[in-house]
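Biologist: Please take a close look at the disulfide question in this model. After that, carry on to the helices, the strands and the internal space, and keep it plain.

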Amino acid sequence: MKFLSTFVTFENLHEVRRLCHWGPIIALSVIAICSTMAMLDSIIWYWPLDTTGGSINFIMLINWTVLILYNYFNAMFVGPGYIPLGWKPENQHDAQYLQYCRVCQGYKAPRSHHCRKCNRCVMKMDHHCPWINNCCGHLNHAYFTSFLLLAPLGCSHAAIIFIMTMYTQLYERISFGWSTVKIDMSAVRQFQPLMPFSVPAFAATLFALGLALGTTIAVGMLFFIQMKVILRNKTSIESWIEEKAKDRIQHYQTGEEFIFPYDLGGRWLNFKQVFTWSGTPKGDGVVWPVHPKCHQHTLTIEQLKQKADKRVRSVQYQVVEDYNGACCPLSKGLQTFFRTPCTEEPRIPLNKGDIILATRGTKWWMYGDKVLNEEEMRAGDRVRGWFPRRCVEKCHYDTAANDSTSDKKVN
């Protein structure tokens with residue numbers, strides 16, 4: 001199987017360390033609990049293997065587990081595909097339309113973005129998923145989306161098993177205290193359970209039911225979100241870029257018409273760009289089929305315009321209070337503590353006197369880039385992230401637009 005070949009042909013065994021992260025540990029634990037409890041409940045209390053229906057049900061449960069794990073591990077270990085370090089376009093003239101990544105020491109190919117977690121530029125990056133401890137991108141988008149479909153289906157099947165197990169095993173014990181009202185389930189109960197349905201068994205089944213229902217709802221919503229962007233041949237990041245393009249055009253009243261370049265005009269055509277019979281998506285992750293009115297660098301040019309606009313709109317702040325970079329700093333006030341941004345984006349430590357170029361924020365937190373000295377800039381460093389709003393004050397003069405004259409993007 002392709003899964004086995006993927007698992008044993010690691011270029012570096014350190015890839016196995018992706019499993020040593022809270023995301024995969026929780027995800028695999030949920031899969032293990034739901035599948036194990038569904039099989040045990042079926043065999044022992046609900047639908048024994050000595051019946052045709054019970055055997056079919058058991059095979060289906062194993063099938064769900066295998067398919068879920070197959071797509072999960074492929075999404076994790078196949079990975080999204082990375083732009084080679086130091087990559088440059090074949091035509092050097094095209095470099096003016098691309099962003100430059102100082103971390104990877106190369107240009108970003110169309111649709112690629114730099115991931116701070118993976119520390120690489122990712123082909124057709126959609127997002128970094130903590131549940132697989134890897135990025136979702138060009139090569140594993142189909143595996144990831146298949147996992148998002150199969151997990152709710154398998155958990156729905158398991159949830160039905162849990163509900164029916166409790167329903168059939170507890171009907172004789174249901175009493176409302178003031179009477180001996182019982183639910184007659186004699187017609188349903190046609191076999192003797194292998195063991196009594198004890199309180200620990202009930203608690204374990206109820207816990208597994210909660211996990212199964214929660215997974216069905218949460219992962220099911222993620223599946224519909226992913227399918228929405230796939231049918232338009234977009235990624236989550238590109239959807240955000242498109243929204244900002246419309247906002248930029250409306251703000252400056254430029255009269256431009258922005259056409260998303262990778263929408264091929266039909267949902268089926270867009271679908272086939274990600275899902276193929278071979279399991280390998282179309283394209284090399286660098287060159288893409290585009291809309292007739294667009295070209296390979298339509299989106300990258302728009303990104304450069306947005307970066308330039310971002311520098312113009314950025315506001316310069318001076319740090320007036322030290323901050324150690326804690327995620328939830330209690331010393332900065334209760335509102336700052338409880339309103340910390342729910343994101344994996346970093347917090348940056350601040351020292352009094354530092355200069356920050358803020359680009360966005362909330363009532364209690366701000367996000368921006370720390371202005372570095374020349375030596376740090378030559379080293380390719382960049383410090384950006386969230387910090388408490390109370391730690392900074394707006395400068396009376398703002399030289400943000402003058403300090404950034406290069407069109408190259410620094411990661």
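Modeller: Cys20 is exposed, with a relative accessible area of 65%. Bear in mind that the model is predicted. Cys118 is on the other side of the divide, since its relative accessibility of 17% counts as buried, the limit for that being under 20%. The cysteine sulfur closest to that of Cys118 belongs to Cys135, at 3.6 Å. A pair has to come within 2.5 Å to count as a disulfide, so the sulfurs of Cys118 and Cys135 are too far from each other for a bond. A disulfide is a covalent bond between the sulfur atoms of two cysteines. The search of the whole structure finds zero of them.

Now the wider chain. The protein chain has 411 residues, of which 45% count as buried. It holds 11 helices and 11 strands. Among contacts between residues at least 6 apart in sequence, 69% join residues at least 24 apart. Leu40 and Ala201 give a case of distant sequence positions with a stated spacing: 161 residues separate them in sequence, and their C-alpha atoms are 9.9 Å apart in space. Leu40 belongs to helix 2, which spans residues 22-46. Leu40 is partly exposed, its relative accessible area being 38%.

Helix 7 covers residues 267-274, and its buried residues are Asn270, Gln273 and Val274. Viewed down the axis of helix 7, these buried residues fall within an arc of 95°, so they line one face of the helix. Among the elements that cover them are helix 4 (141-170) and helix 5 (199-230).

Helix 4 and helix 5 come up again at the largest pocket. That pocket has a volume of about 1700 Å³. Its lining counts 46 residues, and the closest to the pocket centre are Ile237, Trp240, Lys244, Glu345 and Arg360. The elements giving two or more residues to this lining are strand 3 (113-115), strand 5 (127-129), helix 4, helix 5, helix 6 (236-252), helix 8 (298-313) and strand 8. Helix 6 gives the most, with eight residues.

Strand 8 also leads to the strand pairing. Strand 8 (residues 355-361) pairs with strand 7 (residues 315-319) in the antiparallel sense, over four bridges. Within this pairing, Gln316 of strand 7 stands opposite Leu357 of strand 8. Strand 7 also runs antiparallel to strand 11 (residues 392-394), and three bridges join the two. Here Gln318 stands opposite Glu393 in strand 11. In a regular strand the side chains alternate between the two faces of the sheet.

Enclosed space is the last item. The structure holds one cavity of 30 Å³ or more. The largest cavity contains about 40 Å³ of space. Its lining is made up of Leu98, Gln99, Lys108, Ala109, Pro110, Arg111, Ser112, Thr300 and Gln303.

To return to the request: the search finds zero disulfides, with Cys118 buried and Cys20 exposed.

Conventions:
Residues numbered from 1 in each chain as written. Predicted model: local features only at pLDDT ≥ 70, side-chain atom pairs only at ≥ 80, totals over all residues. Heavy atoms only, no water. Buried < 20%, exposed > 50% of the residue type's maximum accessible area, 1.4 Å probe, protein only. Pairing = 2+ DSSP bridges. Arc of directions from axis to C-beta. Contact = heavy atoms within 4.5 Å. 1 Å grid on protein atoms, 1.4 Å probe; cavity = no way out; pocket = protein on both sides within 12 Å on 5 of 7 lines; lining within 4 Å. Points joined across faces, edges and corners; volume = space filled by probe spheres on them.
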